[in-house]
Amino acid sequence: MQVNDISREKSAELYEKAKTYFPGGVNSPVRAFKSVYGTPLFIEKGDGSHIWDADGNEFIDFCCSWGPLILGHNNAAVREKVTEVMQKGMSFGAPTALENELAELILSNNSFIEKIRFVSSGTEAVMSAIRLARGYTKRDKILKFEGCYHGHSDSLLVKAGSGLVTFGETSSAGVPKSFADETIVVALNDKRAIQEAFEKFEGQIAAVIIEPVPANNGLLLQTKGYLQYLRDVCTDNGTMLIFDEVISGFRVGFEGAAGYYDIQPDIITYGKIIGGGLPVGAYGASAEIMDHISPVGSVYQAGTLSGNPVAMAAGIAQITELLKPGFYNDLKLKTEGFVKAIQDFAEQRNYNFKVFTIGSIFWFAFTNEERIATADDIDPESMIKFKTMHRELINRGIYLGPSGYEVGFISAAHTANDLEITKTAIFDSLDIVFSNN
Ligand SMILES: *Cc1c(COP(=O)(O)O)cnc(C)c1O
C-alpha cells in the first residue's frame, strides 16, 4: 500500500534556522539525516514509546535517544525523581549522597566491577579507561577493532589501513598522526590478526578495547569463544581487556555483556542507559585497578559536573526499575517475538533481509548472510534499500535511527499493540523496497 509523505514544514523551517547556528544544523552529525530522505525531524515531546515532531506527526520510536531510554520517554519514575532532586539545586561540585546511592545500586548488583567513577558521557568514560589502562600497564599502544565505535576521543578516531595488522589511519581531520600511530586496528572475529599484533608489538599493548556487543556499525555479534580468546590473550600478555559497554551495559542484562557472556574484563565503560536520559558515563574495574585513579593514584581524571545530582537522580530512578524481577526477560521475549515475525515474513517473501538481534537490540540488514561478524561483511550497496525503508517507515509513523548502520532498541514502554502496528508497517515497507528491484 502506498502512502503519502508526511508534512515536514515546521521541521524544515527549524532546520534552516539551525543551519545558521550549528555546523550542518545539528549538535551531533548523524542527526542531520544525511543517509536517509528528507529533512531531520525536530522532536517536540516524547511519552512512553511515542514521540511527536514539530509538525505534530506522531511516531513509535525505536531510536530511544540511541539507547538510553530503556524505559521509554518521559518515564514517570525518572521524571519524579529528577523533579524532586532539582528542587534542591542543580550542582554543587562537592560530593552528594546521590552518587553513593547510584554507585551502591550498580556495584551491589554487578559482580564484574568493585569501584566506579562517574563522568558525563560515553566518550569521556572510554577516554578515561584508556588512560587508566596506559597508566596501569605503563605501555602506550592500544588495539581496537574495525567496526567498533568508542566515542570521539583522538586515540579512537582511527580506522584500519590495508593489511592484517596496521596502525590506524585517522578517520577525522584534526587527529595527529602520532596519536593514530599508538592505535592498532584489526578486523573483528579474526584470531590470526590478534596473534600477529601481539607478536609484532610484544610488551607494548596497554589495552585491547572492544564493544563486546558491537552495535554501532550494524550489529556485529561475536562468539563467546572469540571474546574468551581475547580475554586469554590479554591475560597472557599483561594487557588490559576493556569492554566498552556504553550500549550493551544495562541493556543485554543488568550486568551487560560481561554478565551475558560471563567474561571478566579488566575495565568496563558505561554510558547511555546509566544516566536515564541525562548525561552520565562511568568506568569501573576492580578496587585495585581503580585506585590508580587520582586522587589516590597517579592517573588524572576529573569533571566539573561529574556525578551531577540531577543526572544521578535520573540514573537512580532508571536503574531501580531495571532491578525489578523479570525486567530483562520480558524485554527479551518481546523483542524475540517482534524479530521472529519480521524474519518469517521476509523468508516467506524470499527477501534478502535479515534481522540480527540480542537482548532488546535489533538490526535490519539487507543481506542473505546468516551471520555478519565484521565491518567488511556489510555491503555498502545495501544501504540504498535501507534508505527507502526508512522513508516508508517514517511515512507510516515508525521512527528508526536515520542510518542503516544503526541498531534499533525496544523499550519497556513498547506495547504489544505498538509492535503489531510496527510489524504491519515494516511488512508494507519491505514490499515497497523489494518491488522496484
Ligand atoms: C555511544 C557510544 C559511545 C560514546 O558515548 P557518548 O555519550 O556519545 O560520548 C562510546 N562507546 C560506545 C560503545 C557507544 O555506543
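**Group meeting: the ligand site, the core and some odd backbone spots**

Okay, let's start at the ligand: sorted by class, its shell holds three nonpolar, six polar and three charged residues. Bear in mind that this is a predicted model. The residues around the ligand include Ser121, Gly122 and Thr123, then Tyr149, His150 and Gly151, and further along Asp244, Val246, Ile247 and Lys272.

What about polar contacts? A ligand oxygen sits 2.6 Å from an N or O atom in the side chain of threonine 123. For glycine 122, a polar backbone atom is 2.9 Å from an oxygen of the ligand. And a nitrogen of the ligand is 2.7 Å from a side-chain N or O atom of aspartate 244. On its own the ligand has 380 Å² of accessible area, and the protein covers 83% of that.

Now, the core. The largest nonpolar one has 114 residues, and Phe118, Phe145, Ile194, Phe250, Leu322 and Phe353 have the most contacts inside it. Its top contributor is helix α10, residues 309–322, which gives nine residues. So where does this core lie? Between domain 1 (9–74 + 326–435) and domain 2 (76–322), because both give residues to it.

Last bit, backbone oddities. Most residues other than glycine have a negative phi, and most peptide bonds are trans. Here, the bond from serine 294 to proline 295 is cis, omega near 10°, and proline 295 is in the loop between α9 (287–290) and α10. Tryptophan 66, not a glycine, has a positive phi of about 75°; look for it in the loop between β3 (58–61) and α2 (76–86). Lysine 138 also has a positive phi, near 55°, in the loop between α4 (122–137) and β5 (141–146). Lysine 138 counts as exposed, at 74% relative accessibility.

Note on methods
Residues are numbered from 1 along each chain as its sequence is written. This is a predicted model: local features need pLDDT of at least 70, side-chain atom pairs count only at pLDDT 80 or more; totals for chains, interfaces and linings use all residues. Side-chain values use heavy atoms; hydrogens and water are left out. A residue is near a molecule or strand if one of its heavy atoms lies within 4 Å of it. A polar contact is a pair of N or O atoms within 3.5 Å; within protein, one must be able to donate a hydrogen and the other to accept it, and residues adjacent in sequence count only if both atoms are side-chain atoms. Accessible areas come from the Shrake-Rupley method with a 1.4 Å probe; for residues, only the protein chains shown count as cover. Ala, Val, Leu, Ile, Met, Phe, Trp, Tyr, Cys and Pro count as nonpolar, Asp, Glu, Lys and Arg as charged, and the others, Gly among them, as polar. A nonpolar core is a set of buried Ala, Val, Leu, Ile, Met, Phe, Trp, Tyr and Cys residues joined through side-chain atoms within 4.5 Å. Buried means under 20% relative accessible area, exposed over 50%, partly exposed in between (1.4 Å probe, protein chains only). Helices (H or I, at least four residues) and strands (E, at least two) are DSSP runs, numbered from the N terminus. Domain bounds come from an automatic or database domain assignment.
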